[in-house]
Amino acid sequence: MEWSLTERFEKLIPAQESAQSLVRALTAIGQTVATAESCTGGLAASAIVAVPGASEVFQNGFITYCDKAKQRILGVSEATLLAHTAVSAETAAEMAAGCARAGLSDLALAVTGLAGPGGGTPLRPVGLVYVSCYYRERVLVQEYRLEGGREEIRRQAAAAALQLGYYFLRLR
């Protein structure tokens, strides 16, 4: 698997807007999407299924909140989790690739991060989030330092994942 860390978007588009664009684009090319979410707990999947016609393109969503679920469902390696932790670009990349495999989808979105209010450290503060997208054997990952309360961080992270998915699909 080839993956790369890309620049984050300067402005986040609301999740529902990106979800609508993503569903339309996938429908037009006859492809599918799946999600793997940790800190967002299904917010990205929820935005997708809120779009009329999503059933044509949405395969499934995985909420892999704990490390064991990331390993068992998505195939994230224990070595990656030990070396880089669950909140890392490496884990996000493996989550996206594993989501595409487990979800039998063309495009896969993944999110992992620290929504708070606790759990942060100076090296991994609350608001540190990685979003990733798998498409055609490639994975793009973006790092964010989001601000706000727990729910605001979760909403922003879901929006970032959906925006990345639509962006990556347009690059095809």
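What percentage of the 172 residues of the protein count as buried? Keep that one in mind; it gets settled in Exercise 1.

A word on the ground rules first. This is a predicted model, where local features need pLDDT of at least 70 and side-chain atom pairs count only at pLDDT 80 or more, while totals for chains, interfaces and linings use all residues. Residues are numbered from 1 along each chain as its sequence is written, and side-chain values use heavy atoms, with hydrogens and water left out.

**Exercise 1. Describe the overall fold and its burial.**

Step 1: list the elements. Using DSSP runs numbered from the N terminus (helices are H or I, at least four residues; strands are E, at least two), you get six helices and six strands. Their order from the N terminus is β-α-β-α-β-α-α-α-β-β-β-α.

Step 2: check the compactness. The radius of gyration is 14 Å, close to the 16 Å that the globule rule gives for 172 residues, so the protein is as compact as a globular protein of that length. Here the radius is taken over C-alpha atoms, and the rule is 2.2 Å times the number of residues to the power 0.38. Along the principal axes, the C-alpha atoms fill a box of roughly 45 × 30 × 25 Å.

Step 3: answer the opening question. Buried means under 20% relative accessible area, exposed over 50%, and partly exposed in between (1.4 Å probe, protein chains only). By that cut-off, 52% of the 172 residues are buried.

Step 4: look at the contacts. Take contact as heavy atoms within 4.5 Å. Among contacts between residues at least 6 apart in sequence, 68% join residues at least 24 apart.

**Exercise 2. Find the nonpolar cores and say which elements build them.**

Step 1: fix the term. A nonpolar core is a set of buried Ala, Val, Leu, Ile, Met, Phe, Trp, Tyr and Cys residues joined through side-chain atoms within 4.5 Å. In soluble globular proteins, nonpolar side chains tend to be buried together.

Step 2: take the largest core. It has 37 residues, and L22, I48, V129, V131 and L162 have the most contacts inside it. Two or more residues each come from helix 1 (15–29), helix 2 (43–49), strand 4 (107–113), strand 5 (128–135), strand 6 and helix 6 (150–171). Helix 6 gives the largest share, ten residues.

Step 3: zoom in on L22. Skipping neighbours within four places in sequence, the contacts of L22 are I48, L107, L109, L162, G165, Y166 and L169.

Step 4: don't stop at one. There is a second, separate core of 24 residues, with A36, A89, L114 and Y130 among them.

**Exercise 3. Place V141 and work out what surrounds it.**

Step 1: V141 sits in strand 6 (residues 138–145). At 0% relative accessibility, V141 is buried.

Step 2: beyond four places in sequence, V141 is in contact with W3, S4, L5, T6, A89, A92, A93, Y130, V131 and S132.

Step 3: compare sequence and space. E7 is 134 residues from V141 in sequence but 8.6 Å away, C-alpha to C-alpha. R72 is 69 residues from V141 in sequence and 22 Å from it in space, again C-alpha to C-alpha. As for E7, it lies in the loop between strand 1 (2–6) and helix 1, and is exposed at 69% relative accessibility.

**Exercise 4. Pick out the unusual backbone spots.**

Step 1: look for a cis peptide bond. The bond from G116 to P117 is cis, with omega near 5 degrees. P117 belongs to the loop between strand 4 and strand 5.

Step 2: look for positive phi outside glycine. T85 has a phi of about 75 degrees and lies in the loop between helix 4 (78–84) and helix 5 (89–103). E137, with phi near 65 degrees, is in the loop between strand 5 and strand 6.

Step 3: add accessibility. T85 is partly exposed at 31%, whereas E137 is exposed at 56%.

**Exercise 5. Are the serines S18 and S38 buried or exposed, and what do they touch?**

Step 1: S18, in helix 1, is buried at 4% relative accessibility. Leaving out residues up to four places away in sequence, S18 touches I13, L162 and Q163.

Step 2: S38 is in the loop between strand 2 (33–37) and helix 2, and S38 is buried too, at 5%. With the same sequence neighbours left out, S38 touches T64, Y65, K70, M95, V111 and T112.
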